[in-house]
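User: I'd like to go through this model and ask why things get the labels they do. Can we start once it's on screen?

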Amino acid sequence: MAVDMRLPTVKNSMSLSHSAADRKDLVVPGDVITSDTGFMRGHGTYVDEDKLTASVAGEVQRVDKLICVRPLKTRFNGEVGDVVVGRITEVQQKRWKVETNSRLDSVLLLSSVNLPGGELRRRSAEDELTMREYLQEGDLISAEVQSVFSDGALSLHTRSLKYGKLGQGVLVQLSPSLIKRQKTHFHNLPCGASIILGNNGFVWLYPTPGQQEEEAGGFYTSLEPVSLSDREVISRLRNCLLALAAHKMLLYDTSVLYCYESSLQHQVGITRCSAEVQNVLYKEETKLY
Amino acid sequence: MAGLELLSDQGYRLDGRKSTELRKVQARMGVFAQADGSAYLEQGNTKALAVVYGPHEMRGSRSRALHDRAVINCQYSMATFSTAERKRRPHGDRKSTEMSLHLKQTFEAAVMTQLFPRSQIDIYVKILQSDGGNYSVCVNAATLAVIDAGIPMRDYVCACTVGFVDETPLADLCYAEESGGVSSLALALLPRGGQIALVQMDARLHQDHLGTLIEAAMTACKCVSKVLDEVVRQHLQETSVLSRE
């Protein structure tokens with residue numbers, strides 16, 4: 001069987017035609033941002049002898065009197081209201097530990113999940129013992145951040161019908177800084193698949209569920225085989241996401257959709273997205289800006 | 001060996017450098033997509049690869065977690081093909097453990113660990129080709145990797161190995177010089193403030209020469225920091241395109 005091979009080469013950096021290299025205020029650790037004491041220091045900075053110094057490499061963001069430095073790549077820093085996709089790592093007493101690409105594992109309390117049937121009652125000892133029947137180690141869930149503990153760990157909840165255990169689909173792990181903050185992170189794309197853009201950089205692609213009158217509160221995960229056309233759509237979407245991420249473009253439903261539509265012209269293999277196709281997609285994407 | 005002088009009369013070393021010249025430094029950041037931060041650095045013929053994971057939840061024993069800051073976990077290892085003779089034990093031997101401890105000490109001085117209580121930061125460094133100055137190259141590579149991971153640091157950490165021959169300090173020793181009986185000193189520095197993170201020497205040196213040697217090391221480290229600075233800025237420029245809407 002003939003195999004296609006490509007050796008690693010340096011990627012030609014493609015820049016926008018109107019790339020404004022001057023608009024960036026890029027600093028490195030140890031750079032003095034300002035000696036003016038009137039500014040408040042935000043994330044990514046520290047004060048060294050009355051001088052505001054950067055502690056990460058990134059761009060300086062100034063909001064009125066607050067100066068912070070946003071690094072290019074960072075772990076997820078959750079805020080209340082963020083939608084996250086995470087994986088259960090531990091089942092403890094009365095809570096689950098969820099890995100969400102942040103600096104500490106997030107916590108999903110037993111009292112923060114919906115019981116089957118949607119009952120609202122006090123969690124009993126029996127509920128504690130049957131925790132594992134609901135969520136086990138390795139399960140994927142979608143949840144929302146309820147609060148942040150003092151040490152920075154997130155407390156999640158799945159108290160709405162749209163959150164809960166995720167069934168069949170594809171998980172794409174990207175950097176949190178590439179996900180755009182929007183009103184809703186759950187989208188049913190017209191191409192026939194659905195997407196959850198977690199703020200923590202985990203993106204979940206799944207086939208659009210058919211008619212479901214009663215959402216079982218995230219308990220019910222359909223194990224019916226997914227059709228081939230759905231699988232192709234999801235694979236193509238995954239390649240689009242990887243292509244967009246490789247070029248550091250912001251991800252939101254419209255950008256993913258445009259990328260998908262431009263990719264329909266190319267017959268890419270299900271599992272790979274070559275550099276040439278990526279570059280073409282990139283060119284099409286830049287027309288958005 | 002006859003005819004091999006570490007410092008000739010005209011002031012040239014074995015590889016043709018002057019006494020204060022560093023070897024050529026080439027580096028690249030973000031070589032691995034899977035890790036939080038990664039960097040590859042070459043200093044002459046010494047090549048090192050550094051990978052950083054974190055900050056993340058403590059793995060293994062929870063009891064080792066510190067309530068007020070992050071734990072830095074370093075591992076130094078050499079590839080089996082990195083030395084002239086195939087290395088039998090790439091890691092776990094005494095030298096590697098000592099190096100790992102030194103790296104941990106160095107980075108605890110620079111990384112702002114108090115921002116991440118109960119977390120763990122892993123720094124793994126692997127020497128792909130060893131030609132002297134292993135510790136220094138590791139520190140330089142790890143600095144770039146930590147910056148790539150977006151972990152806050154007070155300043156760069158730059159390191160250099162210097163030796164003393166014929167009343168002259170030699171900057172950035174190569175393997176032939178290190179094994180040629182030169183008193184070598186490794187120094188890790190935070191360049192902007194001139195603060196020393198680690199000094200290590202296990203050779204004999206007259207105490208009168210110590211001051212000169214440390215001065216030479218600090219100058220060499222500052223030169224290294226300039227090169228690393230360029231690399232980081234170049235990388236920032238390339239990767240920050242289109243990150244904004």
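User: Where is Asp139(A) found in chain A?

Analyst: One thing up front: this is a predicted model. Asp139(A) is in the loop between helix H2 (131–134) and E11 of chain A.

User: Why does Asp139(A) count as buried?

Analyst: Buried means under 20% relative accessible area. Asp139(A) comes in at 19%, so it counts as buried.

User: Which distance separates the C-alpha atoms of Asp139(A) and Arg87(A)?

Analyst: They are separated by 5.6 Å, with their positions 52 residues apart along the chain.

User: What about Ala143(A): buried or exposed, and how do you know?

Analyst: Its relative accessible area is 0%, and the cut-off for buried is under 20%, so Ala143(A) is buried. Ala143(A) sits in strand E11 (residues 140–148) of chain A. From its C-alpha to that of Asp82(A) is 8.4 Å in space, while the two are 61 residues apart in sequence.

User: And what makes Val233(A) buried?

Analyst: Its relative accessibility is 11%, and under 20% is the rule, so Val233(A) goes in the buried class. You'll find Val233(A) in helix H3 (residues 228–246) of chain A. Tyr206(A) is 27 residues away in sequence, and the C-alpha atoms of the two are 9.7 Å apart.

User: Why is Asp50(A) called exposed?

Analyst: Exposed takes over 50%, and Asp50(A) has a relative accessible area of 55%, so the label fits. Asp50(A) is in the loop between E4 and strand E5 (51–54) of chain A.

User: What is the phi of Asp50(A), and why point it out?

Analyst: Phi of Asp50(A) is near 65°, which is positive in a residue other than glycine. It gets pointed out because most residues other than glycine have a negative phi. Lys94(A) also has a positive phi, about 65°, and is not a glycine either. Lys94(A) belongs to the loop between strand E8 (83–92) and strand E9 (95–99) of chain A.

User: Which residues does the cis peptide bond in chain B join?

Analyst: Gly54(B) and Pro55(B), with omega about -5°. It's worth a mention because most peptide bonds are trans. Pro55(B) is in strand E3 of chain B.

User: How many aromatic pairs turn up in the whole structure?

Analyst: The search finds 3 over all chains. One of them is Tyr53(B) with Tyr124(B).

User: Why is the pair of Tyr53(B) and Tyr124(B) called edge-to-face?

Analyst: Take the two parts of the test in turn. The ring centres are 6.0 Å apart, and a pair needs them within 6.5 Å. The planes are at 65°, and over 60 counts as edge-to-face, so that's the name the pair gets.

User: Why do you say this pair ties parts of chain B together?

Analyst: Tyr53(B) is in strand E3 (residues 46–57) and Tyr124(B) is in strand E5 (residues 119–129) of chain B, so the pair links parts 71 residues apart in sequence.

User: What makes Tyr53(B) and Tyr124(B) partly exposed?

Analyst: Tyr53(B) has a relative accessible area of 33%, and Tyr124(B) has 31%. Buried is under 20% and exposed is over 50%, so values in between are partly exposed.

User: Why is the second largest pocket said to lie between domains?

Analyst: Domain 1 (38–71) and domain 2 (82–287) of chain A both give residues to its lining, so the pocket lies between them. The space in the second largest pocket is about 1,400 Å³. It has 43 lining residues, and those closest to its centre are His43(A), Thr74(A), Arg75(A), Asn77(A) and Glu79(A).

User: Which element gives the most to that lining?

Analyst: E7(A), with 4 residues. By class, the lining of the second largest pocket has 18 nonpolar, 16 polar and 9 charged residues.

User: How do you know where "domain: K Homology" sits?

Analyst: That comes from the UniProt record, an unreviewed entry, which lists residues 169–208 of chain A. In the model, residues 169–208 of chain A are 0% helix and 45% strand, with the end C-alpha atoms 10 Å apart.

Definitions and conventions. Residues are numbered from 1 along each chain as its sequence is written. Chains are lettered from A and ligands numbered from 1 in the order in which they are written. This is a predicted model: local features need pLDDT of at least 70, side-chain atom pairs count only at pLDDT 80 or more; totals for chains, interfaces and linings use all residues. Side-chain values use heavy atoms; hydrogens and water are left out. On a 1 Å grid over the protein atoms alone, a cavity is a set of points where a 1.4 Å probe fits but cannot get out, and a pocket is an open set with protein on both sides within 12 Å along at least five of seven lines; lining residues have an atom within 4 Å of a point. Grid points are joined across faces, edges and corners, and a volume is the space filled by probe spheres set on the points. Helices (H or I, at least four residues) and strands (E, at least two) are DSSP runs, numbered from the N terminus. Ala, Val, Leu, Ile, Met, Phe, Trp, Tyr, Cys and Pro count as nonpolar, Asp, Glu, Lys and Arg as charged, and the others, Gly among them, as polar. Domain bounds come from an automatic or database domain assignment. UniProt positions are given in the numbering used here, feature names are shortened, and annotations may be inferred rather than shown by experiment. Rings of Phe, Tyr and Trp (its six-membered ring) pair if their centres lie within 6.5 Å; planes under 30 degrees apart count as stacked, over 60 as edge-to-face and the rest as tilted. Buried means under 20% relative accessible area, exposed over 50%, partly exposed in between (1.4 Å probe, protein chains only).
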